[in-house]
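Hi,

Here is the structure I said I would pass on. Have a look at it first, and my notes follow underneath.

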Amino acid sequence: AMTPSFVCEIECRVDSHSLKALRSRLEAGRQLYNAVLGEAKKRLARMRSDPDWDKARALPKKSAARQRAYRDLRERHGFSEYGLHKHKSLDASCWIREHLDVHTAQKVATRAFKAVEAQAFGVREEPRFKRYGGLRSLESKSNAAGIRFREDPPRIEWNGEHGDLVLGLTAKPDDPIQAHGLSSRVKYVRLVLRTIRGAQRVFAQLVCEGTPYWKPEHPPPWT
């Protein structure tokens with residue numbers, strides 16, 4: 001069952017070696033994103049050129065028949081999150097998998113598919129391919145594998161074929177917001193690379209179960 005979530009962001013301690021390793025993984029993620037995005041666009045184009053596409057659009061909106069027609073089209077043309085997880089760029093033999101574990105790679109593929117899916121149904125404009133350095137974050141599917149949060153001391157661990165990445169967190173013990181996040185169950189972790197005043201810095205976003213911290217003098221509106 002879906003449970004409420006909140007994000008606790010803490011900066012990571014990085015040196016030149018770990019920063020280089022993270023940039024390499026982000027570049028692999030960017031190339032994977034672009035590969036899956038290109039394939040999703042092709043499948044969408046084939047789906048739209050299918051004569052059944054116009055027939056589906058002609059059916060009454062929100063009708064069961066229309067939903068069924070679109071579902072059949074998606075299955076026929078492999079236009080689905082699951083279908084694009086089978087893309088060759090996610091195969092264990094692909095060089096990208098030397099840099100990204102399967103869980104992180106699947107999240108990148110899902111991100112690319114969702115962008116094209118939103119375009120397909122008029123929610124957003126056509127998504128663009130990401131330029132070099134254009135992918136600034138990577139995340140895992142759970143805290144059990146891939147990018148993981150670990151305690152004592154608080155850190156991020158991410159194993160890889162070219163070496164393991166271990167990033168300490170600059171958690172402030174007197175910060176109640178961070179303390180609340182670190183004491184909550186972490187669902188999954190997102191690593192974000194930002195350039196601040198010319199320097200590259202890395203932040204861990206812990207996606208935690210529950211509700212965010214509220215100051216005692218300012219209780220949340222739902223209490």
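Arg-185 is partly exposed, with a relative accessible area of 49% (buried is under 20%, exposed over 50%, and partly exposed in between, using a 1.4 Å probe and protein chains only). Its side chain meets that of Glu-209 in a salt bridge, 3.3 Å from N to O; a salt bridge here is a side-chain nitrogen of Lys or Arg within 4 Å of a carboxyl oxygen of Asp or Glu. This pair links distant parts of the chain, since Arg-185 sits in the loop between H6 and strand E6 (186–196) and Glu-209 in strand E7 (residues 199–209), 24 residues apart. Glu-209 is partly exposed too, at 30% relative accessible area.

Before you go further, please note that this is a predicted model: local features need pLDDT of at least 70 and side-chain atom pairs count only at pLDDT 80 or more, while totals for chains, interfaces and linings use all residues. Residues are numbered from 1 along each chain as its sequence is written, and side-chain values use heavy atoms, with hydrogens and water left out.

On the fold: the protein chain has six helices and seven strands, where helices (H or I, at least four residues) and strands (E, at least two) are DSSP runs numbered from the N terminus. Read from that end, the order is β-α-α-α-α-α-β-β-β-β-α-β-β. The C-alpha trace spans about 60 × 50 × 35 Å along its principal axes, and 44% of the 223 residues count as buried. Taking contacts (heavy atoms within 4.5 Å) between residues at least 6 apart in sequence, 70% join residues at least 24 apart.

Now the inside. The largest nonpolar core has 51 residues, and Ile-156, Leu-191 and Leu-206 have the most contacts within it. By nonpolar core I mean a set of buried Ala, Val, Leu, Ile, Met, Phe, Trp, Tyr and Cys residues joined through side-chain atoms within 4.5 Å. Helix H1 (residues 16–49) gives the most to the largest core, with 11 residues. Leaving out residues up to four places away in sequence, Ile-156 touches a list of partners that includes Phe-149, Leu-165, Leu-167, Val-189, Leu-191 and Leu-206.

Back to the charges: the search of the whole structure finds 17 salt bridges. One of them joins the side chains of Arg-76 and Asp-50, at 2.7 Å from N to O. Arg-76 is in helix H3 (residues 64–76) and Asp-50 in the loop between H1 and helix H2 (51–58), so this is another link between distant parts of the chain, 26 residues apart. Asp-50 counts as buried at 11% relative accessibility, whereas Arg-76 is partly exposed at 47%.

A more local example is Glu-117 with Lys-114, whose closest N and O atoms are 3.7 Å apart. Both lie in helix H5 (residues 102–120), three residues apart, or about one turn of the helix. Glu-117 counts as buried at 18% relative accessibility, and Lys-114 as partly exposed at 41%.

One last spot to look at is Pro-176, which is found in helix H6 (residues 176–182). Pro-176 counts as partly exposed, at 37% relative accessibility. Its C-alpha atom is 7.6 Å from that of Tyr-213, although the two residues are 37 apart along the chain.

Cheers
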